[in-house]
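Q: I have a structure open in front of me, and I would like to learn how to read its features one by one. Could we go through it together?

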Amino acid sequence: MKVKDILKLIEDTKLYIEFIDLKSGASYGFYTKNDLVYNDKFKNDKIVKINSQYFDNKRLLVIYI
């Protein structure tokens, strides 16, 4: 599954999404769905793992690419 496929399924615009490189462990930052509509940097990357958690009282979806 690619990132663009999962973004179509997310309806919550206040959900924060973090992208992490699985090999190096580097984080690419925090985004909302609205931020990613215009940013196509990660849309074609393949998703390896998904994790959800709370960070600073905010819902966070962690996507490993």
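Q: Is Phe42 buried, partly exposed or exposed?
A: Happy to help, and please keep in mind that this is a predicted model. To judge burial, look at relative accessibility and compare it with the cut-off: under 20% is buried. Phe42 has 3% relative accessibility, so Phe42 counts as buried.

Q: And how does Tyr28 count by relative accessibility?
A: Here the class between the two cut-offs applies, from 20% up to 50%. Tyr28 comes out at 34%, and therefore counts as partly exposed.

Q: How are the rings of Tyr28 and Phe42 placed against each other?
A: For a ring pair, read the distance between centres and the angle between planes. The whole structure holds 5 aromatic pairs. In the pair of Tyr28 and Phe42, the ring centres are 5.6 Å apart and the planes meet at 40 degrees, so this pair is tilted. The two residues are 14 apart in the chain and link distant parts of it: Tyr28 belongs to strand E2, while Phe42 lies in the loop between helix H2 (33-38) and E3.

Q: Which residues do ring pairs link into a cluster?
A: Follow the pairs from ring to ring. The cluster is made of Phe19, Tyr28, Tyr31 and Phe42. Setting aside neighbours within four places in sequence, Phe19 is in contact with residues including Tyr28, Tyr31, Leu36, Phe42 and Ile63.

Q: Which residues touch the most other members of the largest nonpolar core?
A: The general idea comes first: in soluble globular proteins, nonpolar side chains tend to be buried together. In this model, the largest nonpolar core has 14 residues, and Ile17, Phe19, Leu36 and Ile63 touch the most other members. At least two core residues come from each of helix H1 (3-9), E1 and strand E4 (58-64). The top contributor is H1, with 3 residues.

Q: In what order do the strands of the open sheet lie?
A: Read a sheet from one edge to the other, asking which strands pair. This open sheet has 4 strands in the order E2-E1-E4-E3, and its pairing is mixed. Strand E2 (27-31) and strand E3 (49-55) are at the edges with a single partner strand each, so one side of each has no neighbour in the sheet. On average, and ignoring direction, neighbouring strands are turned by 20 degrees against each other.

Q: How many bridges join strand E1 to E2?
A: There are 3 bridges between E1 (residues 16-20) and E2, and these strands run antiparallel. To find the place on screen, look for Ile17, which stands opposite Tyr31 in E2.

Terms used: Residues are numbered from 1 along each chain as its sequence is written. This is a predicted model: local features need pLDDT of at least 70, side-chain atom pairs count only at pLDDT 80 or more; totals for chains, interfaces and linings use all residues. Side-chain values use heavy atoms; hydrogens and water are left out. Two strands pair if DSSP finds at least two bridges between them. Axes are lines fitted to C-alpha atoms, for helices over the stretch in contact, and angles run from 0 to 180 degrees between N-to-C directions. A nonpolar core is a set of buried Ala, Val, Leu, Ile, Met, Phe, Trp, Tyr and Cys residues joined through side-chain atoms within 4.5 Å. Buried means under 20% relative accessible area, exposed over 50%, partly exposed in between (1.4 Å probe, protein chains only). Contact means heavy atoms within 4.5 Å. Rings of Phe, Tyr and Trp (its six-membered ring) pair if their centres lie within 6.5 Å; planes under 30 degrees apart count as stacked, over 60 as edge-to-face and the rest as tilted.
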